[in-house]
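Reader: Please look closely at one part of this model, its interior, and explain how that part is put together. A connected account that starts from the overall fold and ends at the surface would serve best.

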Amino acid sequence: MITASSALSGTSIWYFTRATAVVGFVLMTISFAIGLASTQRVRDSRYWPRFATQHLHRNLAVLSFAFVLLHIVSTLADTYVHVGWWSFVVPFVAGYKPVWVALGTLAFDAVVLVIVTSLLRDRLPYRLWRTTHWAAYALWPMAFGHFLMTGTDASHGRWGLYLDVGALALLVVATAARWITRDRDRGLAALPRAVAFR
C-alpha cells in the first residue's frame, strides 16, 4: 500500500520541487512582463481596459508567489539536497550552491516586500509604494540567475535553458513595448488636444 509519505518522497518530491519552480518562474515572468509593458503611460483601450491588465498582473504575481511557497516547502522536504529553512530567509547560508541559492532567497524576500506593500497600497503613501515596487526590477534578474544556475534543467543545458532564454526574450519585448509607447504618448502630448485625439 502506498502511503502519502512514500508518495511524496524520493523522486516524486524532486519532480514536484522542479515543477513548482518552473511554474512559479513562468508566472513571475509573465506578471513582470505585463507590469513592465503596461504602465500609467499606456492609454486605455475599448477592448481591454487598463484595470483589467492591472488585475491580471497582480493575480499572476500572487499565483506565482503561491508556487514559490510550494517550491520552498518541497525543497525543505527533499532529503537529496539539504539547504536548511534559514537559507530561505537569510542569503548565503545554504550548504548547496550558496551564491545561486542566495539569489533565490533575495528574490523571495523582494517578492514578499512587493506583494505585501501592493496589498497595502491604499494605506501607504504613493511614493513609498512606488519606491518599494521598484524592487521588482531587481527581483526578476535574481530569480532568473537562481533558476538558471541552481536547478539541473537549466544549468546542464537542458530545456530549462531554452525556457530561461525565452523568458529573457519576453522581457526584452515588454521593455521595447514600454519605451515605444512612452515615446508615442510623449509625441501625442505635444500635439494640440484636437489633433492628438482626432
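Author: Helices and strands are here runs assigned by DSSP, with at least four residues for a helix and at least two for a strand, and they are numbered from the N terminus. On that basis, the protein chain of this predicted model has nine helices and zero strands. Its pattern along the sequence reads α-α-α-α-α-α-α-α-α. Of the 198 residues in the chain, 36% count as buried. Among contacts with a separation of 6 or more, 64% join residues that are 24 or more positions apart. The accessible surface of the chain comes to about 12300 Å², and carbon and sulfur atoms account for 70% of that area.

The interior is best approached through its largest nonpolar core. This core holds 30 residues, and those that touch the most other members are F25, M28, F108, V111 and W140. Two or more residues come from each of α2 (11–37), α3 (50–77), α4 (98–119), α6 (136–149) and α8 (159–190). The leading contributor is α6, which gives eight residues. Such a grouping agrees with a general tendency: in soluble globular proteins, nonpolar side chains tend to be buried together.

Helix α6 therefore deserves attention, since 10 of its 14 residues are buried, meaning under 20% relative accessible area. The buried set consists of A136, L139, W140, M142, A143, F144, G145, H146, F147 and L148. From its first C-alpha to its last, α6 reaches 20 Å, close to the 20 Å expected for its 14 residues at 1.5 Å a residue.

How does this helix meet its surroundings? One of the well-connected core members, M28, offers a view. Apart from neighbours within four places in sequence, M28 is in contact with S64, V68, L139, W140 and A143. Of these partners, L139, W140 and A143 are buried residues of α6, while S64 and V68 are buried residues of α3. W140 is itself among the core residues that touch the most other members.

The contacts of M28 lead on to α3. This helix has 28 residues and reaches 41 Å from its first C-alpha to its last, close to the 40 Å expected. Its buried residues are A52, T53, H57, L60, S64, F65, V68, H71, I72, S74 and T75. Helices α2, α4, α5 and α6 are included in what covers them. As a general matter, an α-helix has 3.6 residues a turn, so residues three or four places apart point the same way.

V62 also belongs to helix α3, but with 43% relative accessibility it counts as partly exposed, because this value lies between the cut-offs of 20% and 50%. In sequence V62 is 38 residues from G24, and their C-alpha atoms are 9.9 Å apart in space.

Helix α5 (126–133) can be followed through W129, a residue of that helix. W129 is buried, because its relative accessible area of 6% is under the 20% cut-off. Beyond its neighbours within four places, W129 is in contact with T117, S118 and R121. W129 and V116 are 13 residues apart in sequence, with a C-alpha to C-alpha distance of 10.0 Å. R121 lies in the loop between α4 and α5. With 25% relative accessibility, R121 counts as partly exposed. Its contacts, again leaving aside neighbours within four places, are R58, Y126 and W129.

What, finally, lies on the outside? L76, W85, W86, V89, V90 and V93 form a nonpolar patch on the surface, with about 580 Å² of accessible area together. One of them, V89, is found in the loop between α3 and α4.

The loop between α3 and α4 also contains F92 and K97. F92, although not a glycine, has a positive phi of about 70°, and K97, also not a glycine, has a positive phi of about 40°. By way of background, most residues other than glycine have a negative phi. At 55% relative accessibility F92 counts as exposed, because this is over 50%. K97, at 29% relative accessibility, counts as partly exposed.

Conventions. Residues numbered from 1 in each chain as written. Predicted model: local features only at pLDDT ≥ 70, side-chain atom pairs only at ≥ 80, totals over all residues. Heavy atoms only, no water. Buried < 20%, exposed > 50% of the residue type's maximum accessible area, 1.4 Å probe, protein only. Contact = heavy atoms within 4.5 Å. Areas by Shrake-Rupley, 256 points an atom, 1.4 Å probe, with all protein chains shown as cover. Core = buried A, V, L, I, M, F, W, Y, C linked by side-chain atoms within 4.5 Å. Patch = residues over 30% accessible without salt bridge, like charges linked within 9 Å, V, L, I, M, F, W, Y side chains within 5 Å. Salt bridge = Lys/Arg side-chain N within 4 Å of Asp/Glu carboxyl O. Expected span 1.5 Å × (residues − 1).
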